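Here is my note for you on this model. Keep the sequence and the 3D view open as you read. Take the points one at a time.

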Amino acid sequence: GSNAISEGASAKTFGNAVRGIAPMTITMGTGYSKEKPLINYKEHSFVLGFNSDVPTFFVGKSPGPMSGTTGRVGIGTMDPSAKLPFRSDDGEQAVVFIEASNWVNDLPPALWLGDEKHRISADSEKGLIFESENNFVFKRGDVYIEDIGKGIVMKSPDGKWWRGTVDNSGSLNFILMESCPGSPNA
């Protein structure tokens, strides 16, 4: 391509206004301009970006030399602080969107944390579902419920559902519900 410069040993560049300045790099895409090229300066890495001087996608080397190790991937960053970090641009909201191809309650979009028994999923009828094999532990901070008509719903040992809401004096009051919206047997 035009202005595709490979400076590092065994560096490969593909596209326009791109530079590979570290050894064993692959740089692909288009820089913003000749004066603001897309630059790969991390040894043993791959960057991809279009019309940008910052890579949209980065793959770094594994810590090696042990087998079974893998590198880090970055979205919007060449310095991944975790296995897969996402960094927004200035003035852009940082959003991760997990979208199901077909919104079916049998296959809701989900985020697994550790294993499939610890997850957050979204149900088109019930809303967000938090699942844990153990307790939910909230560290630092409070849990806020803004809507006075909403509250804490609990199931008593006899199978009845109770909604606890707070009144203007701060007292927690429970009312019996006919059923619990969102429960498996609602």
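1. How many bridges join strand β4 to β6, and do they run parallel or antiparallel? Six bridges join β4 (residues 25-30) to β6, and the two strands run parallel. Remember throughout that this is a predicted model. To find the pair, look for methionine 28, which stands opposite leucine 48 in β6. As background, strands of a sheet pair through backbone hydrogen bonds, either parallel or antiparallel.

2. Stay with β6, which spans residues 45-50. The strand has two faces. Ser45, Val47 and Gly49 make up the covered face. Phe46, Leu48 and Phe50 make up the uncovered one. Leu48, the residue opposite methionine 28, is thus on the uncovered face.

3. β6 also pairs with β7 (residues 57-59). Here the sense is antiparallel, over three bridges. Phenylalanine 46 has valine 59 in β7 as its bridge partner. The two strands form a hairpin with six residues between them. In the turn, asparagine 51 has a positive phi of about 60°.

4. Next, an open sheet of three strands. The order is β1-β3-β5, and the pairing is parallel. β1 (4-6) and β5 (38-40) stand at the edges, each with a single partner strand, so one side of each is left without a neighbour in the sheet. From one strand to the next, the twist averages 5°. Three bridges join β1 to β3 (residues 18-20). Serine 6 stands opposite glycine 20 in β3.

5. A second three-strand open sheet has the order β9-β10-β11, with antiparallel pairing. Its edges are β9 (110-113) and β11 (127-131); each has a single partner strand, so one side of each lacks a neighbour in the sheet. The twist here averages 15° from one strand to the next. Five bridges join β10 to β11. Arginine 119 stands opposite glutamate 131 in β11.

6. Is serine 121 buried or exposed? Serine 121 lies in β10 (residues 115-123). Its relative accessible area is 5%. Buried means under 20%, so serine 121 counts as buried. What does it touch? Leaving aside neighbours within four places in sequence, its contacts are Pro108, Pro109, Ala110, Gly127, Leu128, Ile129 and Glu131.

7. Now follow β12, β13 and β14. β12 (residues 152-155) and β13 (residues 161-166) pair in the antiparallel sense over four bridges. Isoleucine 152 stands opposite glycine 164 in β13. These two strands form a hairpin with five residues between them. Glycine 159 in that turn has a positive phi of about 90°.

8. β13 pairs again, with β14 (residues 172-177). Six bridges join the two, and they run antiparallel. Valine 166 stands opposite leucine 172 in β14. This hairpin has five residues between the strands. Within it, glycine 170 takes a positive phi near 90°.

9. Last, a pocket. The second largest one has a volume of about 260 Å³. It is lined by 15 residues, and the closest to its centre are Ile75, Arg87, Ser88, Asp89 and Glu92. Which classes make up the lining of the second largest pocket? The lining has seven nonpolar, five polar and three charged residues.

Note on methods:
Residues are numbered from 1 along each chain as its sequence is written. This is a predicted model: local features need pLDDT of at least 70, side-chain atom pairs count only at pLDDT 80 or more; totals for chains, interfaces and linings use all residues. Side-chain values use heavy atoms; hydrogens and water are left out. On a 1 Å grid over the protein atoms alone, a cavity is a set of points where a 1.4 Å probe fits but cannot get out, and a pocket is an open set with protein on both sides within 12 Å along at least five of seven lines; lining residues have an atom within 4 Å of a point. Grid points are joined across faces, edges and corners, and a volume is the space filled by probe spheres set on the points. Ala, Val, Leu, Ile, Met, Phe, Trp, Tyr, Cys and Pro count as nonpolar, Asp, Glu, Lys and Arg as charged, and the others, Gly among them, as polar. Two strands pair if DSSP finds at least two bridges between them. Axes are lines fitted to C-alpha atoms, for helices over the stretch in contact, and angles run from 0 to 180 degrees between N-to-C directions. Buried means under 20% relative accessible area, exposed over 50%, partly exposed in between (1.4 Å probe, protein chains only). Contact means heavy atoms within 4.5 Å.
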